[in-house]
Amino acid sequence: MIVWIVFIAFVLIFLALDLGVFHKDEHVIKSKEAGIWTAIFVTVAFAFSGVIYWLFSAEIIDNPTGLAPNDAVLKYITGYLIELSLSVDNVFVIAVIFSSFKIPPLYQHRVLFWGILGAIVFRALMIFFGVALITKFEWIIYVFGVFLLYTAFNMLKGEDDDFDPQNSFVFKQIKKIYPVTSTMHGHDFFVKRMGINAATPLFVALIIIELTDILFALDSIPAILAITADPFIVFTSNILAILGLRSMYFLISRMLEKFKYINYSLVIILAFVGLKMLFSHYIHLPEWVSLTVISVALVSGILASMLIKDKE
């Protein structure tokens with residue numbers, strides 16, 4: 001448990017520094033700054049693979065699935081790339097939410113900070129229960145596999161293209177439960193007007209981002225559980241990918257049109273992982289195969305988006 005406590009403490013310390021030091025003064029995150037932070041997060045995540053190797057080789061952490069150090073590193077990197085690639089789809093939805101509620105760029109970082117803090121808590125719970133289910137009921141892996149294939153099919157059809165947060169069920173329920181004001185009041189989530197407390201568009205956007213992240217976690221966590229059921233690898237790869245989501249948002253959201261083919265990469269990744277789950281008891285693929293398929297799918301989607309021009 002000491003290793004878990006140290007990792008969680010590291011994450012909390014960084015989040016505190018992020019809001020209290022690095023972004024103490026609210027400002028619009030430019031592409032250059034977002035690019036630097038994205039590079040830092042990706043570098044830290046890949047450097048953490050060295051920590052994974054050390055922990056498993058020195059037998060400092062529990063190893064319930066009996067992984068060799070090299071296999072643990074490959075599973076960690078593969079899991080991280082899955083979470084990172086699926087986070088790209090999350091960026092598109094966050095952009096739609098901010099646009100729908102007219103959240104100024106000045107306050108978007110604040111909303112994402114608290115959104116990611118909540119996402120860490122929810123994902124930790126989902127990972128815990130997901131690992132427990134797979135450990136106790138082996139057949140649940142087939143349910144996860146079918147669910148991922150269904151998600152890939154819906155993503156291919158593009159059923160979520162017309163998503164409108166202001167017409168969503170969640171937004172309508174929030175308005176019924178708690179007063180909502182349509183005007184911004186600086187970076188405040190709540191405001192008191194005429195003796196009545198009301199939620200600002202910032203708070204509504206935060207709640208919808210939290211709930212959509214839970215929906216995304218329903219895809220991403222089964223996907224990484226197809227790679228490994230080791231709880232520490234699943235948790236660390238997931239959290240390190242989530243920590244980089246804010247900077248990735250500010251970097252990618254300004255280039256949404258350039259990434260028009262990235263969804264096909266996500267379809268391939270989800271379909272591959274879903275099939276791997278369904279045939280997990282019959283076909284055992286080497287870890288480098290999974291890592292190669294995911295990497296090639298992601299890079300191909302990015303290159304296709306950059307090179308293929310739309311006809312007028």
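Which helix does Thr78 lie in? Keep that question in mind while you look at the whole model, which is a predicted one.

**The whole chain**

Begin by selecting the entire protein chain, where you can find 11 helices and two strands. Because its radius of gyration is 20 Å, close to the 20 Å that the globule rule gives for 312 residues, the chain is as compact as a globular protein of that length. If you follow the elements from the N terminus on, they run α-α-α-α-α-α-β-β-α-α-α-α-α. Turn the model along its principal axes, and the C-alpha atoms fill a box of roughly 65 × 55 × 40 Å.

Now switch on the surface, of which the protein chain exposes about 16,000 Å², with carbon and sulfur atoms supplying 69% of that area. Beneath the surface, buried residues make up 47% of the 312 residues. If you then colour the chain by charge, you should find 21 positive and 24 negative side chains, and the centres of these two sets lie 8 Å apart. Contacts within the chain are also worth a look: among those with a separation of 6 or more, 80% are between residues 24 or more positions apart.

**Thr78 and its neighbours**

Next, select residues 69-100, which form helix 3, and within this helix pick out Thr78. Is Thr78 buried or exposed? Its relative accessibility is 0%, and buried means under 20%, so Thr78 counts as buried. To see what surrounds Thr78, display Ile227, Glu287, Ser290, Leu291 and Ile294, which Thr78 touches when residues up to four places away in sequence are not counted.

**The hairpin**

Move on to residues 190-193, which are strand 1, and residues 196-199, which are strand 2; these strands pair in the antiparallel sense over four bridges. As you trace the pairing, select Phe190 and look across to strand 2, where Ala199 stands opposite. The two strands form a hairpin with two residues between them, and in the turn you can select Met194, which has a positive phi of about 55 degrees. While you have the strands on screen, it helps to recall that in a regular strand the side chains alternate between the two faces of the sheet.

**Phe144 in helix 5**

For the last stop, select residues 140-157, which make up helix 5, and find Phe144 there. Phe144 has a relative accessible area of 16%, and because buried means under 20%, this residue is buried. Finally, draw a distance line from the C-alpha atom of Phe144 to that of Ile177, which is 33 residues away along the chain, and the separation is 34 Å.

How values were computed. Residues numbered from 1 in each chain as written. Predicted model: local features only at pLDDT ≥ 70, side-chain atom pairs only at ≥ 80, totals over all residues. Heavy atoms only, no water. Buried < 20%, exposed > 50% of the residue type's maximum accessible area, 1.4 Å probe, protein only. Contact = heavy atoms within 4.5 Å. Rg over C-alpha atoms; globule rule 2.2 N^0.38 Å. Areas by Shrake-Rupley, 256 points an atom, 1.4 Å probe, with all protein chains shown as cover. Lys, Arg positive; Asp, Glu negative; His and termini not counted. Charge placed at Lys NZ, Arg CZ, Asp CG, Glu CD. Pairing = 2+ DSSP bridges.
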